[in-house]
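Reader: Please take a close look at the salt bridges in this model. Then turn to the burial and pairing of helices and strands.

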Amino acid sequence: MKSSPTAETVGDYAAEHQTLYRHLISELPNETRRSWIRFIEETAAYALRRKPPLKAGSALPGFEAFLASLPPEHAQQAREAKTIIIAFSFGYRFPFCNLAFRHLYQEHETLKREKAKVLVLFPPEDSSPETTTKGFCTLPDPRGKTARMAGLRFPLPKEFLPLAKRIPWFPADHQTNPTPEITLPGTIILSPDGRVRFFDMPVDVTNRLAPSKIIETLSRLKSR
């Protein structure tokens, strides 16, 4: 992700994702493209084998420590919100997270009415400068601790180490670190006390939970 969310006009997320994916994949050499597709197909299953997904009603491990680590203003807003949304990013330079966050930003008025606090966490290897835009808070996830507790962070499988050196949107750290870790771009919706209300681990790391689906989920949860 190269910039924080902006107020620029965006179109349909699914259509833009498909266009961006085709464009970026077409630029990869054939061998790298095949390896990248295999990475997409296998990574979520690999993560689930390492740790079961968080279930609705369970507590997010380390939630209170996580709140305490936030800038005071955002910690207070999270405690006062009806819903807390944590969106984890694969990396600051990851173009697919960049796209989704731009679309999510367009929903800021709806999220404000729903009293939802959005926190976007970036991995330590490829983090974002801490910024705040109309209530959205982007900040680093120190040592990837929160993502790891959520089951969204784990060592990069060894078979994909060469891929990390060839794909431009992998963190630069992965090119030199012999045992790099990755954070999957998952989304967690929490109650103010840190109980999981919804958990999404994308099957395709390029196609995270669509902003429209987040709004639909909030509406569905409210009606329960």
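Author: Start with exposure: a residue is buried under 20% relative accessible area, exposed over 50%, and partly exposed in between, using a 1.4 Å probe and protein chains only. The model is predicted, so local features need pLDDT of at least 70 and side-chain atom pairs pLDDT 80 or more, while totals for chains, interfaces and linings use all residues. Residues are numbered from 1 along each chain as its sequence is written, and side-chain values use heavy atoms, without hydrogens or water.

Now the charged pairs. A salt bridge here is a side-chain nitrogen of Lys or Arg within 4 Å of a carboxyl oxygen of Asp or Glu. That rule gives a count of nine salt bridges. Helices (H or I, at least four residues) and strands (E, at least two) are DSSP runs, numbered from the N terminus.

Take Arg38 and Glu159. They form a salt bridge, with 3.6 Å between the closest N and O atoms. Arg38 sits in helix H2 (residues 30-50), and Glu159 in the loop between strand E5 (153-155) and helix H8 (161-166), so this pair ties together parts that are 121 residues apart in sequence. Neither partner is buried: Arg38 is partly exposed, at 31% relative accessible area. Glu159 is also partly exposed, at 46%.

Next, Glu181 and Arg148. Their side chains meet in a salt bridge at 2.6 Å, N to O. Glu181 belongs to strand E6 (residues 181-183) and Arg148 to helix H7, so the contact joins parts that are 33 residues apart in sequence. Glu181 has 22% relative accessible area, which makes it partly exposed. Arg148 reaches 33% and is partly exposed too.

This pair does not stand alone. Glu125, Arg148, Arg153 and Glu181 are linked in a network of salt bridges.

The third pair lies within one helix. Lys213 forms a salt bridge with Glu216, and their closest N and O atoms are 3.7 Å apart. Both belong to helix H9 (residues 211-223), three residues apart, and are separated by about one helical turn. An α-helix has 3.6 residues a turn, so residues three or four places apart point the same way. Lys213 is partly exposed, with 43% relative accessible area. Its partner Glu216 is partly exposed as well, with 42%.

Now burial, starting with a helix. In helix H4 (residues 72-80), His74, Ala75 and Ala78 are buried. Viewed down the axis of H4, its buried residues fall within an arc of 105 degrees, so they line one face of the helix. That arc is taken from the directions from the helix axis to the C-beta atoms. The face of H4 turned away from this buried side carries Pro72, Glu73 and Glu80, which are exposed.

Strand E2 gives another picture. Seven of the seven residues of E2 (residues 116-122) are buried, so the strand is largely enclosed by the rest of the structure. In a regular strand the side chains alternate between the two faces of the sheet. In E2 both faces are covered. One side holds the buried residues Ala116, Val118, Val120 and Phe122. The other side holds Lys117, Leu119 and Leu121, also buried. Lys117 is thus a charged name on a list of buried residues.

What lies beside E2? Two strands pair if DSSP finds at least two bridges between them. Strand E1 (residues 83-88) is joined to E2 by six bridges, and the two run parallel. In this pairing Ile84 stands opposite Lys117 of E2.

E2 also pairs with E4. Four bridges join E2 to E4, and again the strands run parallel. Val120 has Thr138 in E4 as its bridge partner. Phe122 has Pro140 in E4 as its bridge partner. Both Val120 and Phe122 come from the side of E2 that also holds Ala116 and Val118. E4 itself has four of its five residues buried, so it too is largely enclosed by the rest of the structure.
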